[in-house]
Amino acid sequence: MSPLRIGNPAVTLVVAPHADDETIGAYGLIRLLRQRGREVRVVVVTDGAVSHPSSPGWPRARLVAERRRETRRAMRGLGVPAGKIRFLGLPDGGLGEVSAHFRAIARAARRIAGLQLVIAPTRADAHPDHRATADGLAHALLPGVRRLSYLVWGDKMQGHSLFLREGRAMKRAAIRRYRTQMGWIADDPSGFQIAPQELRAFSRPAELFREERPCGRSR
């Protein structure tokens, strides 16, 4: 594992399959880029509606709206304004191998002028939406755009590390503020909640990234 060399990309796009993956996967990297005055955009792919499918108090529209607010709040803390965040609203848990979804993800990236770096999930991730998002970007035609991948669900990935140092506690606190994912919704026994051991893993001392082939190049 070697240190990540990020350079000074003019515009970086962080692609998150679900609202909170941008913080779990790349909080430290976004923070570093903003400290350098670099522009960061965020695209959240799915609507995140299935984290609590049976909550009487949190019907779909309310849950989706709150999850979007959580992402905006976390990114605002890193200096990424709401206008730089886009929500595609694709079906949570339903990306699969649907080509229309792949095209939507690729189209969102192609619309960003001056894009030099894309950060997205790895195909090695255990979550199918994360793998589908990686596939969508792998098929995007973005000549000259560097691509790094991050891992959320899993514990092993060879590549480069970015040590968070004092930013580690800040990242942990930022994840906790995604309240819908941290136990705030208590009326759905089947609902998702980040477990303590998962929070520890998500806020490990270093973020891990792997260099991928440039977007649009066949594997």
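Here are some notes on the pockets, the cavity and one serine in this predicted model.

1. Let's start with the largest pocket, which holds about 200 Å³ of space. Its lining is made up of 13 residues. If you want to find the middle of the pocket on screen, look for His-18, Arg-67, His-127, Gln-181 and Phe-192, the lining residues that lie nearest its centre.

2. What is the chemical make-up of the lining of the largest pocket, by nonpolar, polar and charged residues? The split is four nonpolar, five polar and four charged.

3. Next comes the second largest pocket, with a volume of about 160 Å³. Its lining consists of Tyr-27, Gly-28, Arg-31, Leu-32, Gln-35, Arg-36, Leu-162, Phe-163, Leu-164 and Gly-167. Helix H1 (21-35) and strand E7 (160-163) are the elements that each give two or more residues to this lining. The biggest share is from H1, with five residues.

4. By class, the lining of the second largest pocket has five nonpolar residues, three polar ones and two charged ones.

5. Now for the enclosed space. How many cavities of 30 Å³ or more does the structure hold? There is one, and about 60 Å³ of space lies in it.

6. The residues around that cavity are Ile-24, Gly-25, Tyr-150, Leu-151, Lys-171, Ala-201, Phe-202, Arg-204, Ala-206, Glu-207 and Leu-208. Two or more lining residues come from each of H1, helix H6 (196-202) and strand E8 (206-212). E8 gives the most, with three residues. H1, then, turns up in the lining of the second largest pocket and in that of the cavity.

7. As for residue classes, the cavity lining has seven nonpolar residues, one polar and three charged.

8. Last, have a look at Ser-149, which is found in strand E6 (residues 146-150). Is Ser-149 buried or exposed? Ser-149 counts as buried because its relative accessibility is 2%, and the cut-off for buried is under 20%.

9. The side chain of Ser-149 has a partner: a polar contact of 2.6 Å joins it to the side chain of Glu-212. Leaving aside residues up to four places away in sequence, Ser-149 also touches Ala-120, Pro-121, Thr-122, Met-157, Leu-208, Phe-209 and Arg-210, with Glu-212 on that list too. One of these contacts, Leu-208, is also part of the cavity lining, so it's a handy residue to click on when moving between the two sites.

Note on methods:
Residues numbered from 1 in each chain as written. Predicted model: local features only at pLDDT ≥ 70, side-chain atom pairs only at ≥ 80, totals over all residues. Heavy atoms only, no water. 1 Å grid on protein atoms, 1.4 Å probe; cavity = no way out; pocket = protein on both sides within 12 Å on 5 of 7 lines; lining within 4 Å. Points joined across faces, edges and corners; volume = space filled by probe spheres on them. Nonpolar A, V, L, I, M, F, W, Y, C, P; charged D, E, K, R; others polar. Helix = DSSP H or I, 4+ residues; strand = E, 2+ residues; numbered from the N terminus. Buried < 20%, exposed > 50% of the residue type's maximum accessible area, 1.4 Å probe, protein only. Polar contact = N/O pair within 3.5 Å; in protein donor to acceptor, adjacent residues only side chain to side chain. Contact = heavy atoms within 4.5 Å.
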